Amino acid sequence: MSDPTTRSAPLPIVEKPRLTVVGTGYLGATHAICMAVLGYEVMGVDVDVAKVEALAAGTVPFYEPGLPEKLREALDSGRLTFTTDFDAAAEFGDVHFICVGTPQTPGSMAADMRYVDSAFGELAKRITRKALLVGKSTVPIGTASRLTELVQSLSPLGAELELAWNPEFLREGFAVQDTMHPDRLVFGVQSEWAERQLSAAFAPVLEEGTPLVVADLATSELVKVAANSFLATKISFINAMAEVCETTGADVNLLAQSLSYDSRIGGRFLKPGLGFGGGCLPKDIRAFAHRADELGVGQAVSFLKEVDSINNRRRVRTVDLIREMVGGDLAGKRIACLGAAFKPNSDDVRDAPALDVARMLYLEGATVTVYDPEANENAHRLYPDLTYASSMMACVVDADAVALLTEWQVFRDADPDDLAQLVRHRRVVDGRHALDADDYRAKGWEFRALGRPAQSRTVALASDLRDEVTV
Ligand code: NAD
């Protein structure tokens, strides 16, 4: 392996490898589609027959802006196919990207490695010519080393079958842009050959001048969880300040604004609110803390447990604010929840703060109606007991209070006068600091937001604070 270092010019590119992408969820489907658009022959592989059939028929089975158009383009090029057949995948690929899920293990903070182990194992058993297996899933440190032993013991090729890690940093909602033009690539490799194969597999991206870090396996695993830990910490920092604001009468928006002008701090990920969620950050910081404990360095990242607690307390505090607003008892009150996805421009409801708040309100006896522009179906599957409305306007009918929980643009753009025609009481809790407090108040609404005094005015936020919606 060459020196682990930042490289501006990659090693010479030898060929155009055929790619398989195993696991065609949010990450894998996007990767498969974009790599085909970039000119590679790609085979997407999944154990979910319905998902494979949908993708092969030109339908993206989740919401991701711009991806349906790219899928059409990739299928029309003839370079993209989908299958559930691992024999076909093993035969097809020169570089196999493993993109299966690593959810939180039920009853534990650890990552559930069943899917990763199975995907690597099933492929390794079948591969009979020199090939590179590349993990993209987010995994505990040490996984790649463990899997190297596993796949080499299973494969007819033995040590000829190589393994590398290539962590993924795409953000849902910006997945196409982030895949085709990432801000960096990280290759965790064990040989120069593996580095060359990966360079060949990302040639068009590297030719754009994308920074490349070539590293060892452990560093490449750590990069991803370290990045997510940093972002989660920054978000929880400002939300911890919001807690302090709530008991001191200070205003967290003015605080964040003032901090953001300090170039050493910056405004990105300093936006207070209901906090982070989704299929990555929460489970990744928990799995990291768990793994660090196992490795005997738990103390080094024990702060992540507090980061997680701060984040979860924002959900509880949002329910508190709504309860206060409706007079101290939620039983029988009608609450309109605007948003269910963990962030706008996604239909992903995994560990979604919005849905968590809706569920807590429901458990306290409120009649909860949820509307999300894209995530109603996924939310209904998770929480069938909640009522789902087909539009924002239908959601707020007869509401005793409206809660803005996911900052979709359609909610930001809503006219408080139009909503006022439909609600029973003009009360709104802005869980995302996304609404114009002055406008709502001027139109007769009682307005509350996390970390802000009851009568705080609209703050014209600096753009990096205002526009921040996504992890
Ligand atoms: P997902 O649940 O949307 O997709 C996982 C897919 O893997 C599913 O389609 C599932 O059917 C399939 N699968 C499970 N076992 C399989 C097997 N043995 N063989 C083939 N397919 C199998 O998950 P995701 O959000 O795409 O995340 C995948 C991984 O990528 C996770 O480790 C996640 O942390 C990481 N990641 C995700 C994102 C993101 O934005 N979603 C970003 C960076 C990293």
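Which domains does the domain assignment of the protein give? In this predicted model, the assignment yields domain 1, covering residues 12-215, and domain 2, covering residues 227-465. Taken over C-alpha atoms, the centres of domain 1 and domain 2 lie 33 Å apart, and the contact between them draws 19 residues from domain 1 and 18 residues from domain 2.

The extent of this contact can also be expressed as an area, since the size of an interface is often given as the accessible area lost when the parts come together. By that reckoning, domain 1 and domain 2 bury about 1,500 Å² between them, with 54% of this area on carbon and sulfur atoms.

Turning to the polar side of the interface, 8 residue pairs are counted in polar contact between domain 1 and domain 2, both residues of each pair being at pLDDT 80 or more. On the side of domain 1 that touches domain 2, the residues divide into 10 nonpolar, 6 polar and 3 charged. Across the interface of the two domains, 1 salt bridge is found. A salt bridge joins the side chains of Glu172 and Arg350, with a distance of 3.5 Å from N to O.

Arg350 appears again at the ligand, where it is named together with Asp46, Lys51, Thr102 and Lys283 as coming nearest among the 27 residues around the ligand. For three of these residues the approach can be described by distances between an oxygen atom of the ligand and an N or O atom of the side chain: 2.5 Å for Thr102, 2.6 Å for Asp46 and 2.7 Å for Lys51. As for the ligand as a whole, it has 820 Å² of accessible area on its own, and the protein covers 90% of that area.

Technical notes
Residues are numbered from 1 along each chain as its sequence is written. This is a predicted model: local features need pLDDT of at least 70, side-chain atom pairs count only at pLDDT 80 or more; totals for chains, interfaces and linings use all residues. Side-chain values use heavy atoms; hydrogens and water are left out. Domain bounds come from an automatic or database domain assignment. Contact means heavy atoms within 4.5 Å. Buried area is the accessible area (1.4 Å probe) that two parts lose on being put together, summed over both. A salt bridge is a side-chain nitrogen of Lys or Arg within 4 Å of a carboxyl oxygen of Asp or Glu. A polar contact is a pair of N or O atoms within 3.5 Å; within protein, one must be able to donate a hydrogen and the other to accept it, and residues adjacent in sequence count only if both atoms are side-chain atoms. Ala, Val, Leu, Ile, Met, Phe, Trp, Tyr, Cys and Pro count as nonpolar, Asp, Glu, Lys and Arg as charged, and the others, Gly among them, as polar. A residue is near a molecule or strand if one of its heavy atoms lies within 4 Å of it. Accessible areas come from the Shrake-Rupley method with a 1.4 Å probe; for residues, only the protein chains shown count as cover.
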